[in-house]
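Trainee: Before we go through this model, please put the sequence and the structure side by side.

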Amino acid sequence: MKDIDDTKQPLLDHLIELRRRLLWSLATLVLCFFVCFYFARDIFAVLVQPLLKAGQGKLIYTDVFEAFFTQVKVALFAALMLAFPVIATQLWRFVAPGLYVKEKKAFLPFLLMTPFFFAGGACFAYFAAMPWALHFLLSYQGNIGGIQQEALPGVGNYLNFCTRFIFGFGAAFLLPILLMILERAGIVTLEQLGKSRRYAIVGSAAVAAVLTPPDVVSMLLLLIPLYGLYEFAILAIRITHWSAARKAARSGNVVDVP
């Protein structure tokens with residue numbers, strides 16, 4: 001019994017299938033956008049809570065269209081979050097027929113874990129990183145040489161700050177999944193990951209510098225958990241190897257554990 005559909009299909013059939021999956025994804029995104037646009041003010045009210053807790057009670061806009069476009073961006077931001085499971089499912093259904101059963105069993109758990117790791121990163125950004133960063137950045141207010149320095153953040157700038165933190169931390173928290181997939185595919189080994197810790201620190205710093213605002217506190221808030229996730233990935237891979245070795249020992253096979 002074959003574990004893969006090896007029937008040859010014309011390129012046109014693959015393109016039609018791809019178009020169908022893309023249309024489903026786009027339709028879901030558009031539907032979520034209109035729903036989120038209706039609740040955009042309520043969603044933005046949630047996003048401004050870290051700013052409010054940091055002691056800043058005012059947002060301004062100087063462009064006539066800035067408030068409207070901010071509402072559109074809020075709706076699009078929330079729609080991407082809501083539509084992601086459907087988009088990921090459509091992607092999986094397009095790719096899965098070309099995979100063997102063993103490959104499906106290997107990669108499906110990682111696909112299922114992706115939303116949870118991304119949500120964990122987004123929650124860490126919202127509840128921990130953003131408040132700390134805002135307290136630091138807003139601490140520069142006050143009297144300087146007789147001049148009162150006051151922060152008046154714009155709605156557009158603050159939304160960019162929020163989305164950069166949430167998407168940045170959410171994407172960064174997918175690092176363990178990425179490393180485990182690479183190790184499962186044989187691209188990297190556990191020994192290589194263990195010997196590359198110094199490079200991992202440098203890489204984490206570079207990623208944190210790109211994904212966070214240009215200040216040291218924000219960078220450290222992402223660098224520290226990012227490197228912690230690297231160590232978590234090594235531990236998780238080692239545990240899976242130990243588990244595989246125990247199963248092999250019970251069945252009478254010998255498996256080397258790194």
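Trainee: Is Ala 83 buried or exposed?

Mentor: This is a predicted model, in which local features need pLDDT of at least 70, side-chain atom pairs count only at pLDDT 80 or more, and totals for chains, interfaces and linings use all residues. Residues are numbered from 1 along each chain as its sequence is written, and side-chain values use heavy atoms, with hydrogens and water left out. Buried means under 20% relative accessible area, exposed over 50%, and partly exposed in between (1.4 Å probe, protein chains only). Ala 83 has a relative accessible area of 0%, so Ala 83 is buried.

Trainee: Which residues does Ala 83 touch, not counting residues up to four places away in sequence?

Mentor: Ala 83 is found in helix α4; helices (H or I, at least four residues) and strands (E, at least two) are DSSP runs, numbered from the N terminus. Ala 83 and Thr 28 are 55 residues apart in sequence, yet 6.1 Å apart in space, C-alpha to C-alpha. With contact meaning heavy atoms within 4.5 Å, Ala 83 touches Thr 28, Leu 29 and Cys 32.

Trainee: With which residues is Lys 73 in contact, leaving aside its neighbours within four places in sequence?

Mentor: Lys 73 is also in helix α4. Its relative accessible area is 46%, so Lys 73 counts as partly exposed. Its C-alpha atom is separated by 31 Å from that of Tyr 227, 154 residues apart along the chain. The contacts of Lys 73 are Leu 159 and Asn 160.

Trainee: What is the volume of the largest pocket?

Mentor: On a 1 Å grid over the protein atoms alone, a cavity is a set of points where a 1.4 Å probe fits but cannot get out, and a pocket is an open set with protein on both sides within 12 Å along at least five of seven lines. Grid points are joined across faces, edges and corners, and a volume is the space filled by probe spheres set on the points. For the largest pocket that volume is about 510 Å³.

Trainee: Which residues are closest to the centre of the largest pocket?

Mentor: Lining residues have an atom within 4 Å of a point. The elements giving two or more residues to this lining are α2 (40-47), α4 (66-95), α5 (101-138) and α6 (155-172). Of the 20 residues in the lining, the closest to the centre are Phe 77, Met 81, Phe 118, Ala 122 and Ile 166.

Trainee: How many residues of α6 are buried?

Mentor: α6 reaches 25 Å from its first C-alpha to its last, close to the 26 Å expected at 1.5 Å a residue; the expected span is 1.5 Å times one less than the number of residues. Phe 169 lies in α6 and counts as buried at 1% relative accessibility. Its contacts beyond four places in sequence include Phe 124, Thr 212 and Leu 221. The helix is largely enclosed by the rest of the structure because its buried residues number 13 of the 18.

Trainee: Why are the buried residues of α9 on the same side of the helix?

Mentor: The buried residues of α9 (residues 197-211) are Ala 200, Ser 204, Ala 205 and Ala 208. The arc is that of the directions from the helix axis to the C-beta atoms. They are on the same side of α9 because they cover an arc of only 140 degrees.

Trainee: Which residues are exposed on the other side of α9?

Mentor: The buried residues of α9 pack against α10 (216-251). Exposed on the other side of α9 are Arg 198, Tyr 199, Val 202 and Val 210.
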